[in-house]
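Please open the structure in your viewer and keep the selection tool at hand. The tour below goes stop by stop.

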Amino acid sequence: MAEKGRGDVLQGTLDMLVLKSLQLGPMHGWGITELLETGSERVLQVGQGSLYPALYRLERQGYIASDWGTTENNRQARFYKLTASGRKRLAEERATWARMSRAVDLVLRMGEG
Amino acid sequence: MPTIRDVAMRALGLVRRGSMERRLDAEMRFHVDMLTEQHIRAGRSPSDARRAALAAFGGLERFKDDARDEYRSRLVDELGQDIRYAVRVIRRNPGFGVAAALTFALGIGASTAIFSVVHGVLLRPLPYKDPDRLVVLWERQPGRGNDRNVVSVPNFEAWRSRARSFDGMAALVPLPATIGVAPNPEHVMGAEVSPGYFETLGVSPALGRTFASNEEQNGGADVIVLSDGFWRSHFGGDDQVIGRTLALDGRPHTIVGVMPSSFDPPRFAWLNDQAFWRPFGPTDNNRGWGRFLLVVGRVKGDVPVNAALREVQGIAAQRATEDKGNEGWSANIVGLSAQITGDARLPLLVLLGAVCLLLLMAVTNVANLTLGLVRRREHELAVRRAIGATWSRLLRQIITLSAVVSAVGCLIGFVAAVGGVRVLVALLPPETPRSGSIRVDAPVLLFTASVSMIAALGVGGVAALRGGRNGVASLRESGGRAAARLRGGSLVTAEVALGLVLTVLAGLTVRTFEKLRSVDLGFESERVVFARVGVSGAGYRTPEARAAFFDQVLSRVRALPGVQAASAVSTRPFGGMGPATTLGDASTAETGDSVVADVRYIDADLFRTLRTPLVAGSTFDSRDALDAPPRVVVNRALAQRFWPSESPIGKRLRVPMFNGIVPEVIGVVGDVHLMDARTPVRGAIYLANARFPMDALDLVVRTSVDGASVAKSLQAIVTTLDPALPVYWVTTLDDMVGRALSRDRFTAALLGAFAVVSLLLAAVGIYGVFAGDVAQRRKEIGIRVALGAPSGGVIALVMRRAMTRAVLGVALGTGGALLAARAMRSLLFGVGAADPVSFVGVAALLLLVALAATLVPAVRAARVSPLVAIRTD
């Protein structure tokens, strides 16, 4: 039911986007969805049904860590932050993404001078 | 198909569900709240906004499921890592792995084996319908401490007809009988039972029928029900057997039924194997026989056993007014299960308690070993903690480590127990009830599993709490240097205390056994053979015929080569309960004689054959013929009781048997233990079998040759005289004495073995603690040596620590052992429950073990070079 021009996050890129969001600082799950939507000029939409499992998975894999904290509105929320290995992982994913998107771009430009 | 992973997830989920669900709920609620606020800011109404937010959130439960999976698999992954870690650690410390697993196996194996026996004998329900409603009814004499006495026929009839609390009540009388005819007579044990007996137990025949109620008339019809075993061995399992006849003591009986193989008749008192049953019925004759019936009953489902007891006691009170012979008598009810278990109960419970202590020691030792291992890895743990491993994770790893070791040990122990149970059953005292129902099955498995689980948790808990937290904490504080506090000190105390309890119990039972063996039984048991011969049939109706038959047998036996002496007695010593009577000194007025004496009918040569000393007077001779005035030989206890300061010879006793006789005392013999070594000797009178001929006697033969060949000759002699008579129950007197001691031997041997193992465990455990202690304090000791401490001082330093703990253990253990010994006091003989020899001796032994176990580490400490003091890490 996505509006026109808006799409779900590309398969396989959610982990990288979550890691990228957390690179900016510790954040709760809601904050991550907000950030991804505003940061993509509302093009990207993250379903809660995939965000939280992704967060738990990343935590289990040791790329992020979490703890209870207080929001600016003084509410209890679970805050996630990047670990050292998460930082490394993000760098790797970015490199891969850059290589892939360049490759896709090259193919799409073929024959267009 | 559920995988190990699924099972582990479910198990973890149970433990972790609480915290995980709370986290999921909180995160979800927060998210939905934020979404709702956003919608409100966009201008929607609050309720609309919330609905939209929830809708946008999607399937809540699916979300939770996905999240849950991710969360859980982390724990499962970590469990996998922890198990791999444990295996790695164990593989790198094979000595630890083997020692810990074997110690654990020892504890689990021993406790499983003992529990199998306890379960089979004590706990498994009896194989009858609603067995907890079945009871045994006894008469009792409150004034005499006699609370399980057999029942007279009139009292049984009164109970059965007047009591309303019972669904059924039946009388039983053991019936030894000669079955079949010449040339293959055979002696078998059976029972006479009231027709309602099988219905009372709730068992049905496999073939034919049991007895009808009118078959108890005239003392019981000549019909017979066979046991499955007898039917198979004598009729080849032929199902056409119903209606055929079988001679029982020469009288033809019609076979009306066969019981199934699953029917295991209750065995208690002198009711043992039963090959057949015939109906018992009250007659005018047996109503006058006094008390001889065993009675079982089924209490109605809605009546408490206590209410049934009160009712029967009320009837007994009526009977006491109806019949002078019932004065002073009441009634008693004992659960059938408790009755059957009887004397076997306490020794088995003591063994179970002891094996639990042994298991506790094994657990302590494994905990100790694990603790040692954790300490050797303290540095690693501290480093891992420093780089971010959580406490819970480190503790979990230690617990996993001990769980892996325990699981392996438990498996080995269980396999060993399966074999151990067979050995135990073979060693069990022969009279142990229900030994046939001992096996390793589901309840035993459940016991092992739960005990193992508790034990593993114990090991893990101790190792994790003491090793993990304290260890790493002290390491951080002291910067890797030795902590001065002794670790594992309480384990040393525990081992000494537990070892002391076990060894004291073993000491008491071993001393009991020795005392029992050294009791003067009143006869010389070596090379004496017994064999029982009973006469039955028309040829022996007269006393003359019976007496003549046994005279002939004995004169031929005496002529056998190698026979030094031969005689006969109505019930052999150690051969179970024989007849007894009340009696009095005939020269005193009759005021209700209360002295109870055993009665034996004997051939004149009995005392010479058994080598029982004749203290005064003489034994029987040719004057004791059938119509002669009765004479009696008494034992020393009886002579002391009636004539402490004068010669008993020529005195007369008043005996109510045979309608009242007043025999003259012609001799006094030494006291003979007739029942067993434990029961104190009471008065006994011996009457001449020539004067009162019995129809069954135990032949007693003292021989200089092999007992088996004598037995063969006895059978040949009896067959020559009458081919229809069997010779049975052939044993040596040594065997009779040995069997009577078998339960004490079994208990003493097992407790002794437990004690030896416990001392070994204590030694190993204490050694381990102090070896670790010395290794850890090398630097401190090095400094002391460098400062001039003499090696004796260093040894004393280590020893003092050990002794403080050991002495505390001895104190605690002595208290525990006193309590335990008091609980098993009725098993002891000749030693008190607080026997100073056992207690002081064992305490010294335990201190010695502790000293010896500490000596090696202490000497090693004394050899520490002062150089270690200046060496850095």
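The stops that follow begin with chain A and then move to chain B. Keep in mind throughout that this is a predicted model.

**Stop 1: chain A as a whole**

Select chain A and colour it by secondary structure. Four helices and five strands should appear. Follow the chain along its sequence and the elements come in the pattern β-α-β-α-β-α-β-β-α. Chain A has 113 residues, and 30% of them are buried. Now consider the contacts between residues at least 6 apart in sequence: in chain A, 52% of these join residues at least 24 apart.

**Stop 2: the sheet of chain A**

Select strands S2, S5 and S4 of chain A. They form an open sheet in the order S2-S5-S4, with antiparallel pairing. Which strands stand at the edges? They are S2 (27–28) and S4 (64–70) of chain A; each has a single partner strand, so one side of each is left without a neighbour in the sheet.

Next, keep S4(A) and S5(A) in view, the latter covering residues 76–82. Seven bridges join this antiparallel pair. To find a facing pair of residues, select A:Ser66 and look opposite, to A:Tyr80 in S5(A).

**Stop 3: the helix across the sheet**

Add helix H1 of chain A, residues 14–23. H1(A) lies across S2, S4 and S5 of chain A, and its direction makes an angle of about 100° with S5(A).

Within helix H1 of chain A, pick A:Val18. Is A:Val18 buried or exposed? A:Val18 has 29 C-beta neighbours inside 10 Å, and a residue counts as buried at 20 or more, so A:Val18 is buried. Leaving aside residues up to four places away in sequence, A:Val18 touches A:Ile32, A:Ala54, A:Leu55 and A:Leu58. Draw a distance between the C-alpha atoms of A:Val18 and A:Ile32: the separation is 6.9 Å, although these residues are 14 apart along the chain.

**Stop 4: two packed helices in chain A**

Select helix H2 (residues 29–39) and helix H3 (residues 48–60) of chain A. Their axes are 11 Å apart, and the helices pack at an angle of about 120°. H2(A) and H3(A) are therefore oblique to each other, and their crossing is right-handed. To see where they meet, show the side chains of A:Gly29, A:Ile32 and A:Thr33 on H2(A), then those of A:Leu51, A:Tyr52 and A:Leu55 on H3(A).

**Stop 5: a helix crossing in chain B**

Move to chain B and select helix H4 (residues 94–123) together with helix H12 (residues 391–427). The two axes come within 6 Å and cross at roughly 40°. H4(B) and H12(B) are therefore oblique to each other. The crossing of H4(B) past H12(B) is right-handed.

**Stop 6: the nonpolar cores**

Which residues touch the most other members of the largest nonpolar core? Select B:Ala354, B:Leu358, B:Leu500, B:Val501, B:Leu502 and B:Leu505, out of the 109 residues in that core. Helix H10 of chain B, residues 345–376, gives the most to this core, with 18 residues.

Centre the view on B:Leu358. Not counting residues up to four places away in sequence, B:Leu358 touches B:Gly107, B:Ala110, B:Leu502, B:Phe754, B:Val757 and B:Ser758.

For the last selection, turn to a second, separate core of 64 residues. Among its members are B:Ala684, B:Leu687, B:Leu733 and B:Val737.

Key: Residues are numbered from 1 along each chain as its sequence is written. Chains are lettered from A and ligands numbered from 1 in the order in which they are written. This is a predicted model: local features need pLDDT of at least 70, side-chain atom pairs count only at pLDDT 80 or more; totals for chains, interfaces and linings use all residues. Two strands pair if DSSP finds at least two bridges between them. Two residues are in contact if their C-beta atoms, placed from the backbone, lie within 7 Å. Axes are lines fitted to C-alpha atoms, for helices over the stretch in contact, and angles run from 0 to 180 degrees between N-to-C directions. A nonpolar core is a set of buried Ala, Val, Leu, Ile, Met, Phe, Trp, Tyr and Cys residues joined through C-beta atoms within 7 Å. A residue is buried if 20 or more other C-beta atoms lie within 10 Å of its own, exposed if 12 or fewer, and partly exposed in between; C-beta atoms are placed from the backbone. Angles under 35 degrees count as roughly parallel, over 145 as roughly antiparallel, 65 to 115 as roughly perpendicular and the rest as oblique. A crossing is left-handed if the near helix is turned anticlockwise from the far one by less than a right angle, and right-handed if clockwise.
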